[in-house]
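This report describes a protein chain with a bound ligand, beginning with the surroundings of the ligand and moving outwards to the chain as a whole.

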Amino acid sequence: MRRLTYHEPQSMKDAFALMEGHGDAAMVLAGGTDLIIEVKQETKTPDHLISLRCIPGLQEIASENGELCIGAMVTHRKIEKSELLREKYSLLTDAVDNLGSVQVRNVATIGGNICNAAPSADTAAPVVALGVKLVLEGPAGEREVFIEDFFQGPGKTALAAGEILRTIRIPTLPEGACSCYIKHSRRKAMDLPLLGIAVIIVPDDNMVCKEARIALSLAGPVPFRAKKAEGFVTGKPLSRDVWEQAAAIALGESNPRTSFRTTAEYRKKMICALIPRAAEVALKRVNRAWMKG
Ligand SMILES: Cc1cc2nc3c(=O)[nH]c(=O)nc-3n(C[C@H](O)[C@H](O)[C@H](O)COP(=O)(O)OP(=O)(O)OC[C@H]3O[C@@H](n4cnc5c(N)ncnc54)[C@H](O)[C@@H]3O)c2cc1C
(Lines give C-alpha, C1' and ligand atoms only; values in the text may rest on other atoms or scores of the structure.)
Protein backbone atom coordinates (compact mmCIF):
# COMPACT_ATOMS: atom_id res chain seq x y z
CA MET A 1 0.00 0.00 0.00
CA ARG A 2 1.13 3.54 -0.75
CA ARG A 3 2.49 5.74 2.04
CA LEU A 4 -0.14 8.15 3.29
CA THR A 5 -0.20 10.93 5.83
CA TYR A 6 -3.11 10.66 8.25
CA HIS A 7 -4.50 13.85 9.78
CA GLU A 8 -6.94 14.14 12.66
CA PRO A 9 -8.20 17.75 12.76
CA GLN A 10 -10.15 18.75 15.87
CA SER A 11 -12.46 21.22 14.12
CA MET A 12 -14.06 21.88 10.73
CA LYS A 13 -11.84 24.98 10.44
CA ASP A 14 -8.69 22.86 10.84
CA ALA A 15 -10.05 20.31 8.35
CA PHE A 16 -10.65 23.04 5.74
CA ALA A 17 -7.14 24.42 6.31
CA LEU A 18 -5.64 20.95 5.74
CA MET A 19 -7.77 20.39 2.64
CA GLU A 20 -6.80 23.78 1.25
CA GLY A 21 -3.13 23.17 2.03
CA HIS A 22 -2.99 19.76 0.32
CA GLY A 23 -5.49 20.39 -2.51
CA ASP A 24 -6.19 17.41 -4.76
CA ALA A 25 -3.73 15.26 -2.81
CA ALA A 26 -6.12 15.20 0.20
CA MET A 27 -9.31 13.21 0.76
CA VAL A 28 -11.83 13.19 3.56
CA LEU A 29 -11.91 9.98 5.59
CA ALA A 30 -15.00 8.89 7.57
CA GLY A 31 -15.23 5.19 8.52
CA GLY A 32 -12.90 4.21 5.68
CA THR A 33 -14.90 1.12 4.65
CA ASP A 34 -15.11 2.35 1.05
CA LEU A 35 -12.11 4.65 0.84
CA ILE A 36 -9.42 2.41 2.36
CA ILE A 37 -10.37 -0.39 -0.05
CA GLU A 38 -10.16 2.03 -2.98
CA VAL A 39 -6.79 3.29 -1.75
CA LYS A 40 -5.52 -0.30 -1.48
CA GLN A 41 -6.77 -1.03 -4.99
CA GLU A 42 -5.24 2.28 -6.12
CA THR A 43 -8.49 3.42 -7.74
CA LYS A 44 -8.10 6.47 -5.49
CA THR A 45 -4.61 7.78 -4.78
CA PRO A 46 -4.63 10.51 -2.12
CA ASP A 47 -1.40 11.36 -0.28
CA HIS A 48 -3.26 12.79 2.72
CA LEU A 49 -6.31 11.45 4.55
CA ILE A 50 -8.23 14.01 6.60
CA SER A 51 -10.20 12.09 9.21
CA LEU A 52 -13.46 13.56 10.50
CA ARG A 53 -13.62 11.35 13.58
CA CYS A 54 -12.43 13.96 16.13
CA ILE A 55 -14.54 16.85 14.87
CA PRO A 56 -17.30 17.57 17.37
CA GLY A 57 -20.94 17.78 16.30
CA LEU A 58 -20.87 15.28 13.43
CA GLN A 59 -21.92 12.20 15.41
CA GLU A 60 -25.34 13.26 16.71
CA ILE A 61 -28.96 12.55 15.81
CA ALA A 62 -31.06 15.51 16.98
CA SER A 63 -34.34 17.31 16.29
CA GLU A 64 -33.96 20.90 15.10
CA ASN A 65 -36.76 23.26 14.00
CA GLY A 66 -39.11 20.37 13.27
CA GLU A 67 -36.50 18.49 11.22
CA LEU A 68 -34.44 15.49 12.22
CA CYS A 69 -30.74 16.15 11.76
CA ILE A 70 -28.31 13.28 11.36
CA GLY A 71 -24.61 14.14 11.57
CA ALA A 72 -22.52 12.90 8.64
CA MET A 73 -20.36 10.78 10.98
CA VAL A 74 -23.32 8.91 12.49
CA THR A 75 -22.59 5.22 11.99
CA HIS A 76 -25.03 2.77 10.46
CA ARG A 77 -24.99 0.95 13.81
CA LYS A 78 -26.21 4.09 15.60
CA ILE A 79 -29.04 4.42 13.07
CA GLU A 80 -29.89 0.72 13.49
CA LYS A 81 -30.11 1.19 17.28
CA SER A 82 -32.17 4.40 17.19
CA GLU A 83 -35.72 3.72 18.42
CA LEU A 84 -36.82 7.11 17.09
CA LEU A 85 -35.61 6.32 13.57
CA ARG A 86 -37.04 2.80 13.66
CA GLU A 87 -40.45 4.10 14.65
CA LYS A 88 -40.71 7.18 12.43
CA TYR A 89 -38.35 6.46 9.54
CA SER A 90 -38.43 2.67 9.22
CA LEU A 91 -37.14 2.80 5.65
CA LEU A 92 -33.82 4.13 6.94
CA THR A 93 -33.44 1.43 9.60
CA ASP A 94 -34.45 -1.18 6.98
CA ALA A 95 -31.55 0.11 4.86
CA VAL A 96 -28.92 -0.28 7.57
CA ASP A 97 -30.23 -3.52 9.15
CA ASN A 98 -28.63 -5.56 6.36
CA LEU A 99 -25.79 -3.25 5.39
CA GLY A 100 -22.49 -5.15 5.58
CA SER A 101 -21.83 -6.80 8.94
CA VAL A 102 -22.03 -5.47 12.49
CA GLN A 103 -18.28 -4.78 12.27
CA VAL A 104 -18.81 -2.70 9.11
CA ARG A 105 -21.86 -0.91 10.55
CA ASN A 106 -19.88 0.00 13.68
CA VAL A 107 -17.49 2.18 11.68
CA ALA A 108 -19.20 2.95 8.36
CA THR A 109 -21.15 6.21 8.31
CA ILE A 110 -24.25 7.50 6.58
CA GLY A 111 -22.22 10.47 5.31
CA GLY A 112 -19.70 8.13 3.68
CA ASN A 113 -22.48 6.05 2.12
CA ILE A 114 -24.03 9.17 0.57
CA CYS A 115 -20.78 10.91 -0.46
CA ASN A 116 -19.32 7.79 -2.05
CA ALA A 117 -22.39 7.88 -4.35
CA ALA A 118 -22.15 4.21 -5.29
CA PRO A 119 -25.26 3.10 -7.23
CA SER A 120 -25.47 0.23 -4.74
CA ALA A 121 -25.51 2.45 -1.63
CA ASP A 122 -28.25 1.14 0.62
CA THR A 123 -29.21 4.48 2.16
CA ALA A 124 -29.58 6.18 -1.26
CA ALA A 125 -33.19 5.27 -2.10
CA PRO A 126 -34.42 5.97 1.47
CA VAL A 127 -32.83 9.44 1.63
CA VAL A 128 -34.22 10.27 -1.82
CA ALA A 129 -37.72 9.13 -0.73
CA LEU A 130 -37.38 11.21 2.43
CA GLY A 131 -36.44 14.29 0.40
CA VAL A 132 -33.51 15.12 2.67
CA LYS A 133 -31.43 18.26 2.42
CA LEU A 134 -27.68 17.98 2.80
CA VAL A 135 -25.76 20.66 4.65
CA LEU A 136 -22.41 21.04 2.91
CA GLU A 137 -19.72 23.17 4.53
CA GLY A 138 -16.62 24.63 2.95
CA PRO A 139 -14.10 27.35 3.87
CA ALA A 140 -16.46 29.98 2.41
CA GLY A 141 -19.46 28.84 4.50
CA GLU A 142 -22.47 26.57 4.39
CA ARG A 143 -24.99 25.65 1.71
CA GLU A 144 -27.93 23.27 1.48
CA VAL A 145 -28.35 20.88 -1.42
CA PHE A 146 -31.51 18.87 -2.10
CA ILE A 147 -30.68 15.18 -2.26
CA GLU A 148 -31.90 14.75 -5.84
CA ASP A 149 -29.48 17.47 -6.96
CA PHE A 150 -26.62 15.89 -4.99
CA PHE A 151 -26.33 12.60 -6.89
CA GLN A 152 -24.96 13.45 -10.33
CA GLY A 153 -23.89 10.03 -11.60
CA PRO A 154 -22.19 6.88 -10.32
CA GLY A 155 -19.50 8.15 -7.92
CA LYS A 156 -20.29 11.78 -8.80
CA THR A 157 -21.83 14.30 -6.43
CA ALA A 158 -22.48 18.02 -6.06
CA LEU A 159 -19.68 18.30 -3.44
CA ALA A 160 -17.29 21.07 -4.49
CA ALA A 161 -13.54 20.75 -3.88
CA GLY A 162 -12.81 21.22 -0.20
CA GLU A 163 -16.44 20.77 0.91
CA ILE A 164 -17.52 18.41 3.67
CA LEU A 165 -21.00 16.99 4.25
CA ARG A 166 -21.91 18.08 7.75
CA THR A 167 -25.58 17.14 8.30
CA ILE A 168 -28.45 15.26 6.70
CA ARG A 169 -31.69 17.12 7.40
CA ILE A 170 -34.87 15.04 7.19
CA PRO A 171 -38.11 17.01 6.84
CA THR A 172 -40.93 15.84 9.09
CA LEU A 173 -43.13 13.21 7.46
CA PRO A 174 -46.89 13.77 7.34
CA GLU A 175 -48.90 12.33 10.25
CA GLY A 176 -49.68 8.61 9.75
CA ALA A 177 -46.89 8.02 7.20
CA CYS A 178 -45.52 4.50 6.97
CA SER A 179 -42.49 3.34 5.03
CA CYS A 180 -40.31 0.46 3.92
CA TYR A 181 -37.04 -0.16 2.07
CA ILE A 182 -36.42 -3.45 0.32
CA LYS A 183 -32.85 -4.39 -0.49
CA HIS A 184 -32.98 -7.05 -3.14
CA SER A 185 -29.78 -9.06 -3.06
CA ARG A 186 -28.65 -12.61 -3.67
CA ARG A 187 -27.75 -13.22 -0.04
CA LYS A 188 -29.34 -11.93 3.15
CA ALA A 189 -26.07 -10.67 4.63
CA MET A 190 -22.80 -9.17 3.37
CA ASP A 191 -24.07 -8.55 -0.11
CA LEU A 192 -24.74 -5.37 -2.07
CA PRO A 193 -28.23 -4.80 -3.48
CA LEU A 194 -29.18 -5.69 -7.05
CA LEU A 195 -32.06 -3.27 -6.64
CA GLY A 196 -33.28 -0.95 -3.88
CA ILE A 197 -36.92 0.10 -3.44
CA ALA A 198 -38.08 2.67 -0.88
CA VAL A 199 -41.70 3.65 -0.35
CA ILE A 200 -43.43 6.13 1.92
CA ILE A 201 -47.22 6.03 2.07
CA VAL A 202 -49.65 8.34 3.83
CA PRO A 203 -53.03 6.56 4.01
CA ASP A 204 -56.24 8.20 5.17
CA ASP A 205 -58.71 6.47 7.52
CA ASN A 206 -60.40 4.73 4.58
CA MET A 207 -57.13 3.40 3.21
CA VAL A 208 -57.08 5.85 0.36
CA CYS A 209 -53.64 7.17 -0.50
CA LYS A 210 -53.12 10.80 0.56
CA GLU A 211 -49.47 10.81 -0.54
CA ALA A 212 -47.03 8.27 -1.94
CA ARG A 213 -43.31 8.40 -2.55
CA ILE A 214 -41.45 5.72 -4.46
CA ALA A 215 -37.66 5.87 -4.79
CA LEU A 216 -35.48 3.38 -6.62
CA SER A 217 -31.76 2.68 -6.70
CA LEU A 218 -29.93 0.62 -9.33
CA ALA A 219 -32.86 1.29 -11.67
CA GLY A 220 -31.08 4.17 -13.42
CA PRO A 221 -27.73 5.98 -13.26
CA VAL A 222 -28.71 7.73 -10.02
CA PRO A 223 -31.34 7.00 -7.36
CA PHE A 224 -34.61 8.72 -8.31
CA ARG A 225 -38.28 9.20 -7.45
CA ALA A 226 -40.81 7.51 -9.76
CA LYS A 227 -43.02 10.59 -9.82
CA LYS A 228 -45.56 9.40 -12.40
CA ALA A 229 -46.16 6.25 -10.37
CA GLU A 230 -46.49 8.34 -7.20
CA GLY A 231 -49.08 10.56 -8.92
CA PHE A 232 -50.99 7.49 -10.09
CA VAL A 233 -51.34 6.05 -6.56
CA THR A 234 -52.31 9.34 -4.92
CA GLY A 235 -56.08 9.54 -4.34
CA LYS A 236 -56.61 5.83 -5.05
CA PRO A 237 -57.52 2.98 -2.67
CA LEU A 238 -54.40 1.23 -1.42
CA SER A 239 -55.08 -2.11 -3.09
CA ARG A 240 -52.60 -4.58 -4.56
CA ASP A 241 -54.06 -3.93 -7.98
CA VAL A 242 -53.30 -0.21 -7.72
CA TRP A 243 -49.72 -0.92 -6.57
CA GLU A 244 -49.18 -3.38 -9.40
CA GLN A 245 -50.26 -0.72 -11.89
CA ALA A 246 -48.04 1.83 -10.13
CA ALA A 247 -45.09 -0.59 -10.40
CA ALA A 248 -45.67 -0.90 -14.16
CA ILE A 249 -45.62 2.92 -14.41
CA ALA A 250 -42.44 3.07 -12.31
CA LEU A 251 -40.87 0.55 -14.67
CA GLY A 252 -41.51 2.98 -17.51
CA GLU A 253 -39.64 5.66 -15.54
CA SER A 254 -36.66 3.35 -14.91
CA ASN A 255 -33.61 2.60 -16.98
CA PRO A 256 -31.76 -0.26 -15.26
CA ARG A 257 -28.56 -1.60 -16.79
CA THR A 258 -26.92 -4.95 -17.09
CA SER A 259 -23.94 -5.13 -14.75
CA PHE A 260 -21.59 -7.92 -13.75
CA ARG A 261 -24.01 -8.75 -10.93
CA THR A 262 -27.27 -9.09 -12.87
CA THR A 263 -29.13 -8.18 -16.06
CA ALA A 264 -31.34 -5.21 -16.85
CA GLU A 265 -34.17 -7.66 -17.65
CA TYR A 266 -33.99 -9.20 -14.17
CA ARG A 267 -33.96 -5.77 -12.53
CA LYS A 268 -37.06 -4.80 -14.56
CA LYS A 269 -38.95 -7.89 -13.38
CA MET A 270 -37.99 -7.17 -9.79
CA ILE A 271 -39.15 -3.53 -10.01
CA CYS A 272 -42.64 -4.87 -10.82
CA ALA A 273 -42.52 -7.49 -8.07
CA LEU A 274 -40.98 -5.43 -5.29
CA ILE A 275 -42.86 -2.13 -5.39
CA PRO A 276 -46.18 -3.79 -4.37
CA ARG A 277 -44.27 -5.84 -1.78
CA ALA A 278 -42.65 -2.74 -0.26
CA ALA A 279 -46.08 -1.07 -0.10
CA GLU A 280 -47.52 -4.13 1.61
CA VAL A 281 -44.79 -4.19 4.26
CA ALA A 282 -45.11 -0.43 4.85
CA LEU A 283 -48.89 -0.66 5.27
CA LYS A 284 -48.66 -3.62 7.63
CA ARG A 285 -46.56 -1.40 9.84
CA VAL A 286 -49.50 0.89 10.47
CA ASN A 287 -51.40 -2.19 11.45
CA ARG A 288 -54.31 -1.49 9.14
CA ALA A 289 -56.20 -3.74 6.79
CA TRP A 290 -54.39 -3.87 3.48
CA MET A 291 -55.30 -5.03 0.05
CA LYS A 292 -59.02 -4.45 -0.16
CA GLY A 293 -59.07 -5.20 -3.84
C1 LIG B 1 -17.43 -5.81 3.85
C2 LIG B 1 -18.22 -4.62 3.37
C3 LIG B 1 -19.58 -4.74 3.17
C4 LIG B 1 -20.34 -3.64 2.72
N5 LIG B 1 -21.67 -3.78 2.53
C6 LIG B 1 -22.42 -2.72 2.13
C7 LIG B 1 -23.82 -2.84 1.95
O8 LIG B 1 -24.43 -3.91 2.16
N9 LIG B 1 -24.50 -1.74 1.53
C10 LIG B 1 -23.88 -0.54 1.29
O11 LIG B 1 -24.55 0.42 0.94
N12 LIG B 1 -22.54 -0.40 1.46
C13 LIG B 1 -21.80 -1.45 1.86
N14 LIG B 1 -20.44 -1.32 2.02
C15 LIG B 1 -19.80 -0.05 1.67
C16 LIG B 1 -19.54 0.93 2.85
O17 LIG B 1 -19.48 0.28 4.09
C18 LIG B 1 -20.58 2.05 2.93
O19 LIG B 1 -20.71 2.71 1.70
C20 LIG B 1 -20.25 3.05 4.05
O21 LIG B 1 -21.43 3.70 4.45
C22 LIG B 1 -19.20 4.09 3.67
O23 LIG B 1 -19.03 4.94 4.79
P24 LIG B 1 -17.60 5.24 5.41
O25 LIG B 1 -17.84 6.06 6.63
O26 LIG B 1 -16.82 4.00 5.61
O27 LIG B 1 -16.98 6.13 4.24
P28 LIG B 1 -15.47 6.30 3.76
O29 LIG B 1 -14.99 5.04 3.16
O30 LIG B 1 -14.63 6.90 4.83
O31 LIG B 1 -15.70 7.41 2.63
C32 LIG B 1 -16.38 7.12 1.44
C33 LIG B 1 -16.27 8.32 0.49
O34 LIG B 1 -17.04 9.41 0.95
C35 LIG B 1 -16.21 10.56 1.21
N36 LIG B 1 -16.74 11.13 2.47
C37 LIG B 1 -17.02 10.44 3.59
N38 LIG B 1 -17.60 11.24 4.50
C39 LIG B 1 -17.67 12.47 3.93
C40 LIG B 1 -18.17 13.75 4.38
N41 LIG B 1 -18.76 13.90 5.59
N42 LIG B 1 -18.08 14.80 3.54
C43 LIG B 1 -17.51 14.66 2.30
N44 LIG B 1 -17.03 13.50 1.82
C45 LIG B 1 -17.11 12.41 2.64
C46 LIG B 1 -14.79 10.03 1.31
O47 LIG B 1 -13.83 11.02 0.92
C48 LIG B 1 -14.84 8.86 0.33
O49 LIG B 1 -14.69 9.31 -0.99
C50 LIG B 1 -19.68 -2.40 2.47
C51 LIG B 1 -18.28 -2.27 2.70
C52 LIG B 1 -17.57 -3.38 3.14
C53 LIG B 1 -16.08 -3.22 3.39
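In this predicted model, the residues of the shell around the ligand divide by character into 18 nonpolar, 10 polar and 2 charged. The shell comprises 30 residues, and those closest to the ligand are Ala 30, Gly 31, Gly 100, Gly 112 and Asn 113. Two or more residues apiece are contributed by strand E2, helix H2, helix H7 and strand E10, with H7 supplying the largest share, 5 residues. Because domain 1 (5-51) and domain 2 (61-170) both give residues to this shell, the ligand lies between them.

The domain assignment of the protein chain, set out below, also includes a domain 3.

| Domain | Residues |
|---|---|
| Domain 1 | 5-51 |
| Domain 2 | 61-170 |
| Domain 3 | 178-285 |

Taken over C-alpha atoms, the centres of domain 1 and domain 3 are separated by 36 Å.

Helix H5, which spans residues 90-97, is mostly covered, since 7 of its 8 residues are buried. The buried residues of H5 are Ser 90, Leu 91, Leu 92, Thr 93, Asp 94, Ala 95 and Val 96.

The largest nonpolar core holds 84 residues, and the members that touch the most others are Ile 197, Val 199, Ile 201, Leu 216, Ala 250, Ile 271 and Ile 275. Helix H12, running over residues 264-285, gives the most to this core, with 8 residues. Which residues is Ile 275 in contact with, leaving aside its neighbours within four places in sequence? The contacts of Ile 275 beyond those neighbours are Ile 197, Ile 214, Trp 243, Ala 246, Ala 247 and Ala 250.

For the protein chain as a whole, the secondary structure comes to 12 helices and 14 strands, and buried residues make up 42% of the 293 residues. Among contacts between residues at least 6 apart in sequence, 64% join residues at least 24 apart. Taken along the principal axes, the C-alpha atoms fill a box of roughly 60 × 45 × 30 Å. A compact globule of 293 residues would have a radius of gyration near 19 Å, and the protein chain, with 19 Å, agrees with that expectation.

Key
Residues are numbered from 1 along each chain as its sequence is written. This is a predicted model: local features need pLDDT of at least 70, side-chain atom pairs count only at pLDDT 80 or more; totals for chains, interfaces and linings use all residues. A residue is buried if 20 or more other C-beta atoms lie within 10 Å of its own, exposed if 12 or fewer, and partly exposed in between; C-beta atoms are placed from the backbone. Helices (H or I, at least four residues) and strands (E, at least two) are DSSP runs, numbered from the N terminus. A residue is near a molecule or strand if its C-beta atom, placed from the backbone, lies within 6 Å of it. Ala, Val, Leu, Ile, Met, Phe, Trp, Tyr, Cys and Pro count as nonpolar, Asp, Glu, Lys and Arg as charged, and the others, Gly among them, as polar. Domain bounds come from an automatic or database domain assignment. A nonpolar core is a set of buried Ala, Val, Leu, Ile, Met, Phe, Trp, Tyr and Cys residues joined through C-beta atoms within 7 Å. Two residues are in contact if their C-beta atoms, placed from the backbone, lie within 7 Å. The radius of gyration is taken over C-alpha atoms; the globule rule is 2.2 Å times the number of residues to the power 0.38.
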